[in-house]
Amino acid sequence: MTDDRIVDTSSGRDDGLDKCPRCGSAEIHYEISVGSLVCGYCRFQWNEKVAETAFGLDSAIAELRGHTMASGTADVREDLSVVTLKCQGCGAEVVINAAEQVQSRCHWCRQTLSLNTQIPNGAIPDAVLPFALTREQAIAQIDAFVANRRAFAHARFKEQYVPDNVMGVYIPYLVVDGNMHAVLQGTGEVTTRQYTVTVGSGDNKRRETRYDADVYRVQRAFDLLVDDLTIESAQRFSAQDNRSATNNVLNAVQPYDTENAVTYNANYLKGFTSERRDLNVRDLDGQVEEKFLAIARAKAQPTVRGLDRGVRWEREGVAVHGTRWVAVYVPVWLYSYADSALDGSSLTHYIAVNGRTGTTMGSVPVSHPKIFAVACASGVVATAVAAALSLAFFFVS
């Protein structure tokens, strides 16, 4: 039995400084236009190393045994959210709330201090996937999305829509690789005869199609390798409850090229906000298992196409040989609109733009009278077309 393994992905720097590798300056920021970190002093440009290769997390998935956990996936502990950073420039001590921020400036010498040492409070991931789309490009995507839905949008939304309110946000995900063996068992049917019968009587008399079929026991067993399955790890954006906000839009803008995520450097976060991870690996085990099973069903589907009446899987399971977990920040441009109804209820509508690919999804508040009017008009048109076709058929025949 292979023991679980923890891979240390922390920077190893305990001075709270991310410095320019050329001149040592701490004045660093990320520029989307050039796709790299830029030193504000000497203008040197660079990126951190790709996390997978830097930490040896790119070994073959088929070789995984037990659970490999990058250190950024450690369980969240609420009692370690207040952290003191010691400035190595002047010796001052700066206190920050790691649940809300991972950077601060020294109040004496103005150096930028970053939380480099990973602490188990969900604030520091193993890797970050930087933004590739600029704010202007994201606004254009959101404008186009809204324009296609403007006809049914509520009047108050059209009056209050301000796309400039879009914000760049880093959303925490746990990325999982899995090596497993899947077994699916069930019953499938093959049509042997199709025929029509008359049932009912009087006004209820009608024709129905019936089928005869052979029934087979079906079993599929195969090895399954899953690469870079992404799971949201912040409850605020969980798709489980969307009664007060359309949170599930974040899943709709996937996938992310997480294989290109670089080792964590707090300077990638300058100018953006970031959400704190508050779900542990064990909290997501159920979601991950269901996604593994869904992938297994999809893999089995091409092998049962000959069963034309379909297959009902009655027993299914995966035996996991090994997994690998990494905490990653992914980039999202997010527009939100809080819609308050006359009855006092409120629903926050989100429009999300994948910060790497530009894939856009979201929701806007709609005017139900407009939809009802169009539906009624469509019904009238459909009835008129049907009547015209009936008359045409009558005269031609």
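## Around Phe-157: cores, rings and a helix

In this predicted model, Phe-157 touches Val-146, Tyr-335, Tyr-337, Val-364 and Pro-365, leaving out residues up to four places away in sequence. Phe-157 itself is buried, at a relative accessible area of 1%.

Let's zoom out a bit. Phe-157 belongs to the largest nonpolar core, a set of 35 residues, and is listed with Ile-142, Tyr-170, Tyr-268 and Trp-333 as having the most contacts inside it. Strands S2 (28–31), S3 (36–39), S15 (311–340) and S16 (346–354) each give two or more residues to this core, as does helix H2 (135–147). The top contributor is H2, with five residues. Apart from this core lies another one, of 26 residues, including Met-69, Leu-174, Ile-231 and Val-288.

Now for H2 itself. Which of its residues are buried? They are Ala-138, Ile-139, Ile-142, Phe-145 and Val-146. These residues sit on the same side of H2, because they cover an arc of only 125° around the axis. As a general point, an α-helix has 3.6 residues a turn, so residues three or four places apart point the same way. The length of H2 checks out too: 13 residues at 1.5 Å each should span 18 Å, and the end C-alpha atoms are indeed 18 Å apart.

Back to the rings. The whole structure holds 12 aromatic pairs, and two of them go in the table.

| Ring pair | Centre distance | Plane angle | Type |
|---|---|---|---|
| Phe-157 and Tyr-337 | 5.1 Å | 80° | edge-to-face |
| Tyr-161 and Tyr-335 | 5.4 Å | 75° | edge-to-face |

Phe-157 in helix H3 (residues 155–160) and Tyr-337 in strand S15 are 180 residues apart, so to speak a link between distant parts of the chain. Tyr-161, in the loop between H3 and strand S11 (167–199), and Tyr-335 in S15 make a similar long-range link, at 174 residues apart. The partners of Phe-157 and the second pair are tucked away as well: Tyr-337 counts as buried at 6% relative accessibility, Tyr-161 is buried at 12%, and Tyr-335 is buried at 2%. Elsewhere, ring pairs join Phe-131, Tyr-170, Phe-272, Tyr-329 and Trp-333 into a cluster.

One more residue in S15 is worth a look: Thr-323. Is Thr-323 buried or exposed? At 5% relative accessibility, Thr-323 counts as buried. The Thr-323 side chain makes a polar contact with the side chain of Trp-325, at 3.2 Å. Beyond its neighbours within four places in sequence, Thr-323 is in contact with Leu-64, Gly-66, His-67, Thr-68, Val-176, Asp-177 and Gly-178.

How values were computed. Residues numbered from 1 in each chain as written. Predicted model: local features only at pLDDT ≥ 70, side-chain atom pairs only at ≥ 80, totals over all residues. Heavy atoms only, no water. Core = buried A, V, L, I, M, F, W, Y, C linked by side-chain atoms within 4.5 Å. Buried < 20%, exposed > 50% of the residue type's maximum accessible area, 1.4 Å probe, protein only. Helix = DSSP H or I, 4+ residues; strand = E, 2+ residues; numbered from the N terminus. Contact = heavy atoms within 4.5 Å. Polar contact = N/O pair within 3.5 Å; in protein donor to acceptor, adjacent residues only side chain to side chain. Expected span 1.5 Å × (residues − 1). Arc of directions from axis to C-beta. Phe/Tyr/Trp six-rings, centres within 6.5 Å; stacked < 30°, edge-to-face > 60°.
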